[in-house]
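Grab your viewer and let's work through some aromatic rings. Each exercise comes with a solution, taken one step at a time.

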Amino acid sequence: MPVMARSLALIVLLIGAPFEIATAIGTPVSGQIRDRAGRPISGATVSIVELKRGATTDRDGRFLLSDVPAGNYTLTARHLGFAPAAQSIRVSSAAIELSVTLREDVARVEPLNVTATRTPISEGDSPLASVVLSGDEVHQEGNVSLAHSIAKLPGVRSVTSGQQIGKPMIRGLFGPRVLVLTDGSRLEDYSWSDEDGPSLDARIADHIEVIRGPASVLYGSDALSGVVNVIPSELSYSPDGSSTRNEALEVYGGSGNIELGGAALVNGSWANKAWRVMGTGRFSQNYQTPDGEMPNSSFFAVNGEAAFGIRHAAGSTTFRGAHYGGEFHLLEASGPEPGDPDGGPVRQVLDDRLQITDDRLAGGMRLETKVQLQRHGLSEVSDDCVPPPGQTTCTKVKDQQAFGLALNTAAVEMLAHHGNTAGLAGTVGVSGMAQLSSSSGPIFLVPGATVISGAGFAFEQYSAGRVAFVAGVRADERSLSSEARPEISRAADSRSWSALSGDVGVIVHLTPHLAANANFGTGWRAPTLFDLYANGPNQADVRYEVGDPTLGTEQSRTLDASLRWSSDRFRMSVTAFDNLVDDFIFTNPTGAVQNSLPVFQHTQTNARLSGGEATVEAQVTSALVLRASHDRVQGDERDNEIPLPLMPPPRTIVGAEIATSDRGAFRHVRLGGEVEIDQKQTRLNPNDFATDGFSLVNLDLSFEHPLRGRPGRFDVVVRNALNTSYRDFLSRFKTFATAPGVSVVVKASAGAW
């Protein structure tokens, strides 16, 4: 494995290099954050994106970032209730004093994206179609399910199992074809059934960036259809080295499933160090539908993160630990068990991660070293059993462990970002990963395995006046060694794959506000353990799944074109795409029966997915914003034009938001509403279950009011306000239950988040 060996050796050399670089004392960057009326904004977060260094404004709206090394940077300012702002700064030997104005309006626009190129870039300069769930929306939509939180973004859906579990779907593909990142690092977990969603609590995020389209050139396997990057808040360092401390608290309650929960935040700093601790807790009963209660749909979850950072003259080093854990009660696809309506499996998820990120400047470049250790556990408690080999019957045991899966991953990545020299900027990187997995019974699903991978890539952007060109290339190598597992009749096996990914694009700024973009990219993904070696019952989906050890890698080729308009009062984006996927892996019924379950075989075909997204946002007045979006995708097997399974139907969302003037102590009062129209999917795969189209009305209200001298915010969110009875085509429960009915969520928070 020469590519992998060379990549890992280079990583080892580069990890230690940044810590040996001599640094010089930096320059202070200070300023004031104001609103458009000239009033100072206290509690705003100001950060230098490239250095991952932040500060919080005082009561006069002032901030100070000390010891900033010389270089070109992007400074951002954020505060709930305001549109974020960004500006480029050049730091040399002289101190810098800035004045930044935040627009107090209802536009929710993130000025930057770091996922599409690995460096901060404006939306108009992004080679890939992207969309962001802003800080305001994260605060309002911050569910325990990441997929539910981002499901209304254009081109994004959620394949759901009730209100608490979902898989992000981008442009018709989901599961291992959508890569989920946390602060730019891969989230490694099992992507088996519909009940295994990403192990991230969206409420802990500062904002969430979504890339629509293949990004394998930047992130490797699994970024076939898109990327979801959950970005946490930056640490805020003391402006003058003195000790600081801040606390914030949030509580909420929901009516649809009697859900109660809250979040707590404590952060502070002293000298050149900063820290942050945040946690969430949630509990719910069974959720309600217009037709009654959905049995066995309750859950509880406790999640959190802790971060500690050290600032130095050339950058910073951050240690971040995260925990995700909970129990999620689910129903099998066959519906409630007769005589036991609250019976059914319980999914138990436990995920712990440690991230170490070092950013510093050296020789005109910014070196970024990222190390992540992750342990992911997934188990199911149920009454199910499987006959031992050679037998046809077994004895059910109440609430026993049905299966257990454990995944341990160590990953390292070294990136070298070079600045804009003669119009050229980009990133060169190498990465490596080692992964150990194990499986336990009595229901065995897959064998244990070891995965080793390595990669190297380069991504460059050249700007010449109004035209910018992007190009990237990446080489990946991965090996897999599986253990023998007699319980599922699988012998020990070894596989290896090599893949070459590329991307080329052009961005033309036709006017200061209008940009046209065309991009061609390739993507790939290696088969999962379940694709290759599954040989057992998937009780949740009422099927017996059989893998195929001979499956090859999926390869995609995507052409993407867009037209984007962006100004203070009007934003518009129209995007079309065509995605050809060779050796697309899917499960197909064989007609056979095993253990009273229909047998589904993992197989491959050639597929084509095409469609597009359109969005518009207009600031009609200083108080009124109108929004609309539409997305659609069509997926077929290329050889016989049979529709691919579970293709989302076309969807349109139309909404408005009104911001009233301050009413005494009540500030940033906002009232919003939207209508979501999901059409009926008429292009069905033979294995699809048809559902009717539906329309939903959603409402939200938010305002700020001091709570015992602290900043306070109140949110009221009403989902499915008309209590519409419907079945979502992308829901696993659609065959036996309607979707959730009306739900009112009331949330109150105090302190600076």
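**Exercise 1.** In this predicted model, find out which residues form one aromatic cluster with F666, then classify the pair F703 and F714.

*Solution.* Start with the membership: F666, F703 and F714 make up one aromatic cluster. Next, take the geometry of F703 and F714, whose ring centres are 5.2 Å apart with 20° between the planes. Planes under 30 degrees apart count as stacked, so this pair is stacked. Now place the rings: F703 belongs to strand β41 (residues 694-704) and F714 to strand β42 (residues 712-719), so the pair ties together parts 11 residues apart in sequence. Last, check the exposure: F714 has a relative accessible area of 23%, so F714 is partly exposed.

**Exercise 2.** Work out how F299 and F328 are arranged and which strands they tie together.

*Solution.* This is one of six aromatic pairs in the structure. The centres of F299 and F328 lie 5.8 Å apart and the planes meet at 15°, so call the pair stacked. F299 sits in strand β23 (residues 299-312) and F328 in strand β24 (residues 315-329), so the contact links parts 29 residues apart in sequence. Then look at accessibility: F299 comes out at 3% and F328 at 2%. Buried means under 20%, so F299 is buried, and F328 is buried too.

**Exercise 3.** Which ring does the charged end of R203 sit over, and which face does R543 lie over?

*Solution.* For R203, the ring is that of W753, with the charged end 4.7 Å from its centre. For R543, go to F600: R543 lies over its face, 3.9 Å from the ring centre.

Methods: Residues are numbered from 1 along each chain as its sequence is written. This is a predicted model: local features need pLDDT of at least 70, side-chain atom pairs count only at pLDDT 80 or more; totals for chains, interfaces and linings use all residues. Side-chain values use heavy atoms; hydrogens and water are left out. Rings of Phe, Tyr and Trp (its six-membered ring) pair if their centres lie within 6.5 Å; planes under 30 degrees apart count as stacked, over 60 as edge-to-face and the rest as tilted. Helices (H or I, at least four residues) and strands (E, at least two) are DSSP runs, numbered from the N terminus. Buried means under 20% relative accessible area, exposed over 50%, partly exposed in between (1.4 Å probe, protein chains only). A charge sits over a ring if NZ of Lys or CZ of Arg is within 6 Å of the ring centre and within 35 degrees of the ring normal.
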